[in-house]
Amino acid sequence: MENLSKLKMLMLGFQHVCVMYGGAVAVPLIVGPAIGLSQEQIVMLISFDLLACGIVTLIQVVGGKGIGIQLPALMAVSFIVVEPVIAIGKVHSITGVMGAVMVSGLIVALVAKYISKMVPYFPPIVAGSVILIIGVSLMPVAMRNAAGGAGSPTFGDPKNLFLAAFTLLAFILINTLSKGFLKAVSVLAAMVLGTLLAGIMGMVDTSGFSQASWFNMPAPFYFGIPTFDVSAIITMSIISLIIAVESIGVFMTLGEVCDRDIKEDDVAKGLRAEGVGSMISGVFNSFSHSTFSQNVGLVLLTRVTQRSVVITAGGILILLGLVPKVAGLTTMIPAPVLGGAMIPMFGMLLSASLGMIAKADLKKPSNQIIIALGVGVGLAVKGVPEAFAKFPETVHLIAGNGVVMGTFVLVVLNAILNGRSNKSHQHALSVPPAQENLELAAAKEEIELTDVPPTAKI
């Protein structure tokens, strides 16, 4: 492997940041307004998110005794947390979310060595169906933003829908016509173009950027002392388990590309790092983190496997997290632009889920029943959560969560009808589905290590 100069390492690290940035900031941009945070609070939420991403990445990549996978694995907030975080936040506010994130992280850290033994109960048909429920559940969030954002006085204005359609079209064109790195950051590039058009149309609010400070010291428990609700903790623990199962597949993929045999002890160290990372995220006002498949796709594409590159990316994220102006710049993105970009981002979850489900034998009646009832119950509950409104609040939050109920039905039905799978890692994808387009691009061109296009400066 080539020894990288400091300049090359910086450029490659920044490329990793660019690949994950759009998805990383999208989560707080979606969650913040949905749970009633102000513009100033959303700016801080994004800054804290970037800071936590950097810290957790260093824990995972550098590692230590009994912790960290020590592979080029960049950590970021998973889209899987969006729906449950919004559900918890609406009832228990942001402090309830942080409390649930911290406790769920502690649980994952404590039982990390046992989680890998549970993977047989999450074969492709179960894991894929859960992600399908999440992806479908998130689509209304995208449409509400495309129409102008929930509660907006201009909701449904044709200008909003035009701007969302422009952003979506920009993504399609950039992703289809470009290659390599620009293709990898096509969502981010589309949001930039959409925001520029919105500026011309007078639809950009710059108050968040102008009011944000240039530097801010990390502020633990910025939103208040965490609160701890049993139902919220159970919900986030289930989501953390799903994230952990998917992370195992990513670890296996990274092990293959880095020519390293990943053993059960390595998996436990990686999951323990995710758990500790979630605890730290809760302290620093962020959400549960996972190994970002987008960046695994970049490792597969460039074949640059040095941990030093991702360590550099982690350092850059920490610096960005200390500069609220960067987060303030992100809040200038209008809701319709974000909505137009959300459709392909959430659509990637659907694409990934279908790829995983397709690994199962769909001609088997048992598999058809599992998908029909599991996904059916999940989406039915998601559509009418108020059906459980007369239950106690703890039961309501759990039973009224489509992802949680769908997961429960899928796991139980699969265990009853199919039994315990012996192929524990069958769900792992040799190429993360969200990055299939990168692999197609790699087949058409060879990216030079020093070739970081001007778009990396977005």
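**Aromatic pairs and the surroundings of T95**

In this predicted model, a good place to begin is Y222, which is partly exposed, with a relative accessible area of 33%. The residue that follows, F223, is buried, because its relative accessible area is 14% and the limit for that label is under 20%.

The structure holds four aromatic pairs. One of them is formed by Y222 and F223, whose rings lie 5.1 Å apart from centre to centre with 90° between their planes, an arrangement that is described as edge-to-face. Another pair brings together F388 and F391, where the ring centres are 5.8 Å apart and the planes meet at 55°, so this pair is classed as tilted; the angle falls short of the edge-to-face class, because that class requires planes over 60 degrees apart. Of these two residues, F391 can be described further, since it is partly exposed, with a relative accessible area of 45%. Returning to Y222 and F223, the reader will find that ring pairs link both of them with F48 into a cluster.

F223 also leads to another part of the model, namely T95, which is found in helix α3, a helix that covers residues 82–110. Is T95 buried or exposed? With a relative accessible area of 13%, T95 is buried. When its neighbours within four places in sequence are left aside, T95 is in contact with F223, G224, I225, P226 and T227, and F223 is itself a buried residue. The side chain of T95 is also joined to the side chain of S93 by a polar contact of 2.9 Å.

Methods. Residues are numbered from 1 along each chain as its sequence is written. This is a predicted model: local features need pLDDT of at least 70, side-chain atom pairs count only at pLDDT 80 or more; totals for chains, interfaces and linings use all residues. Side-chain values use heavy atoms; hydrogens and water are left out. Rings of Phe, Tyr and Trp (its six-membered ring) pair if their centres lie within 6.5 Å; planes under 30 degrees apart count as stacked, over 60 as edge-to-face and the rest as tilted. Buried means under 20% relative accessible area, exposed over 50%, partly exposed in between (1.4 Å probe, protein chains only). Helices (H or I, at least four residues) and strands (E, at least two) are DSSP runs, numbered from the N terminus. A polar contact is a pair of N or O atoms within 3.5 Å; within protein, one must be able to donate a hydrogen and the other to accept it, and residues adjacent in sequence count only if both atoms are side-chain atoms. Contact means heavy atoms within 4.5 Å.
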